[in-house]
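Thank you for making room for me in today's meeting. Please have the sequence and the structure open while I talk, and stop me whenever a residue is hard to find.

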Amino acid sequence: MKKILIANRGEIAVRIMKTAKKMGIQTVAVFSTADRNAPHVKMADEAVCIGEAPSSQSYLLGDKILEVAKQLGVDGIHPGYGFLSENAQFANKCEQNNITFIGPNSHAIEVMGNKLAAKETVKAYDIPMVPGLDEAITDIDKAKQVAAQIGFPILIKAAAGGGGKGMRIVENEKEFESQMQRAISEATNAFGDGSVFIEKYIGAPRHIEIQVLADKHGNIVHLFERECSIQRRHQKVVEEAPSAVLTPEIRQKMGAAAVQVAASCDYVGAGTVEFLLDENKNFYFLEMNTRLQVEHPVTEWITGLDLVEMQIRIADGEVLPFKQEDLKIQGHAMELRVYAEDPLNDFLPSVGHLDTYILPVGEGIRVDNGIEQGMDVPIYYDPMLAKLITYGKTREEAIQVMRQAIQNYQVEGISTTLPFGQFVMEHPAFKSGDFDTNFVKKYYHAELLKEQYQEEAQIAAYVALQQYLDDQKQLRLPN
Ligand code: MV4
C-alpha cells in the first residue's frame, strides 16, 4: 500500500497517520468544516473537506469519502473506530471500488453486529455463553417460562444493541412484560430493529476483552486481555492490560475461546472479543467488536506490537509474522480516557476554547492526542479528546506513573475527566484490583472530588502563609 485515506478525525486519525508515516505510506485526511484547523488535517499529506460539521453531513458520508479516495488514487481506507468502521455496506463498497478496507470483510461485520446472529454463529464451537434464550422473543409465554427456569433477575437485551441501549433488568415475573415493551421501544428507536432476547443477569461482572489478530491465510492469534470494568454508564474510563485477576489458566482458556469466535466468522484483521467474568471467575462470551478499539494502546505496550501496522500488513495480504507461542506479556499498561466532561457536574459535556494544553512527557508515558492549545473543542463529536497511557514493570508502577502524569497534564479553558482519573488511581478498591463494572456507581460522588480540591486549596494556603511569614522575617533583617 502506497497511499491510505483515514476516514476519521481526532486522536485516532492522528494515531493511524503516525504508523502510516513510519511505514512510508502517504496519508489522506478528510475533514468537516469544524475541523479545518485540527491536528489530523495538518498532519496529513493531503486533506479534503467533505462537508459540514454534523457527522451525518461529513464523516458518515461513505459515498463522498469513496469519491475522494478514487480521485486521489488511494489504495486503502482505514476507518478508525466509530463512524463507518462497523458499516458492512461501506466495507463492501470499498472492495467493489478496488480500494482495500483496512478491517474485516463485510460478512464478519454483519454477523457480529447482531448479537443473536453472533450467538448462532459461535454455537458450533466450544464457547461458554450466558444461560438464556438465543432467539428473538416472539412468544411471551415461552419467554416467561424460560426466565422462570433460568431464575430472576434476568436481562432483556436488544439483538441489534451494543453499549447498553435497549437493555432492561427484570427482577420478577410481574414486571416481565412492561420491561420487555420498554426494551423493544428503546431498540426500535435506537436501531430500527425491535428484536430482543433474554439472558441470566450477571450482577457484578468484570468486563474483560481479548484482542485477536487474524490474517487472510487462516492464522489467528490472541494478544491477551484488557480489563475494562471501570466505566460510567457504558462509557469506559480506565482500561488496563493485563487484568489484575486472570490466572494463566483462565487467560489461556479465554484466549482460545476468542480465537474460536474469530474463526467462526472468518475474521480478518484486528478484532476484540468481549467477555463477562463473574465472581467465581466463570467467563461468558458477550460480543465481538469488528474494529480497532479505543483502548488498543495498552495491548500494544505489553506485547511490543503496533496494531495499526498489523492491520495494514494483514489488509495487504501478509502472513502473521509470529505464532501464539512467540507472544508474551511484558509489564503492565494503564489507560485513562480524557473526556471533555465535568466530573464535578454529572459529567456534563464541556466545550470551549483551550487556553492551556500541555501534555505530560517522560518514561512510561504515551499520550494519543487529537487537539492542541488555542483550539476550540467542537460540540459535534465524541467528547473524548485524548488518551493518557502509562507503563510500568508492575501494576503498582503503572498506577504511580499515571498519578504523576495526570499531575503534569495541564488543561485550562475546559473541564476534563483527569481529576476523576486521579480519584480512580487513588481508590483502595482499584489499587487492590478488587472491583467490577459497578465501581463508579458504587464509590464515586462529586463531593469526594470537591473535598480533595478543598484539601489541596488548604495546603496551598498554608504554604503561602509560611512563605509570607518567612519573607516577613527576611524583610526585618537590617541591611
Ligand atoms: C450483561 C450484563 C450482565 N448480565 N449481560 C452492557 C453492554 C453490553 N455490551 C453488555 N452489557 C452487559 N451485559 C448479562 N447477561 C452486564 C452488562 C453490563 C456491562 C458490561 C460490560 C461493561 C460494562 C457494563 C455495565 C453495565 C452492564
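Let me begin with a question: how many Å separate the centres of domain 2 and domain 3, taken over C-alpha atoms? The answer is 29 Å, and I should say at once that this, like everything else I describe, comes from a predicted model. To place those two parts on the chain, the domain assignment gives domain 1 as 3-102, domain 2 as 131-200, domain 3 as 206-447 and domain 4 as 449-479.

What, then, lies between domain 2 and domain 3? Six residues of domain 2 are in contact with four residues of domain 3, and together the two domains bury about 290 Å², of which 62% is on carbon and sulfur atoms. Across this interface the rule finds zero salt bridges, and it likewise finds zero residue pairs in polar contact when both residues must have pLDDT 80 or more.

Let me stay with domain 2, which covers 131-200, and pick out Lys157, a residue of strand S7, which runs over residues 154-158. Is Lys157 buried or exposed? Lys157 counts as buried because its relative accessibility is 14%, and the cut-off for that word is under 20%. Its side chain is joined to the side chain of Glu199 by a polar contact of 2.9 Å. If we leave aside neighbours within four places in sequence, the residues in contact with Lys157 include Gly166, Met167, Phe197 and Leu286.

Now I turn to the nonpolar cores. The largest one has 37 residues, and the members that touch the most other members are Val238, Phe430 and Phe439. Several elements give two or more residues to this core, among them strand S12 (235-241), strand S15 (332-339), helix H13 (418-426) and helix H14 (428-432). A second, separate core has 32 residues and includes Ile4, Ile102, Leu213 and Leu327.

To see the largest core from one of its members, look at Phe430, which, beyond its neighbours within four places in sequence, is in contact with Ile230, Val238, Glu240, Met334, Arg395, Ile399, Val424, Met425, Phe435 and Phe439. Two residues in that list, Val424 and Met425, are also among the buried residues of H13, together with Leu418, Phe420, Gly421, Gln422 and Phe423. H13 is therefore mostly covered, as seven of its nine residues are buried, that is, under 20% relative accessible area.

Strand S15 also holds a charged residue that I would like you to find, namely Arg337. Arg337 is buried, because its relative accessible area is 8%. Its side chain makes a polar contact of 3.2 Å with the side chain of Tyr339, and its contacts beyond four places in sequence include Lys236, Glu239, Glu295 and Thr417. As a reference for distance, Arg337 and Cys265 are 72 residues apart in sequence and 31 Å apart in space, C-alpha to C-alpha.

My last stop is Thr303 in helix H10, which spans residues 296-303. Thr303 also counts as buried, because its relative accessibility is 17%, and, leaving aside neighbours within four places in sequence, Thr303 is in contact with Leu223, Phe224 and Lys328.

That is my tour, and I am happy to take questions.

Note on methods:
Residues numbered from 1 in each chain as written. Predicted model: local features only at pLDDT ≥ 70, side-chain atom pairs only at ≥ 80, totals over all residues. Heavy atoms only, no water. Core = buried A, V, L, I, M, F, W, Y, C linked by side-chain atoms within 4.5 Å. Buried < 20%, exposed > 50% of the residue type's maximum accessible area, 1.4 Å probe, protein only. Helix = DSSP H or I, 4+ residues; strand = E, 2+ residues; numbered from the N terminus. Contact = heavy atoms within 4.5 Å. Domains from an automatic or database assignment. Buried area = accessible area lost by both parts, 1.4 Å probe. Salt bridge = Lys/Arg side-chain N within 4 Å of Asp/Glu carboxyl O. Polar contact = N/O pair within 3.5 Å; in protein donor to acceptor, adjacent residues only side chain to side chain.
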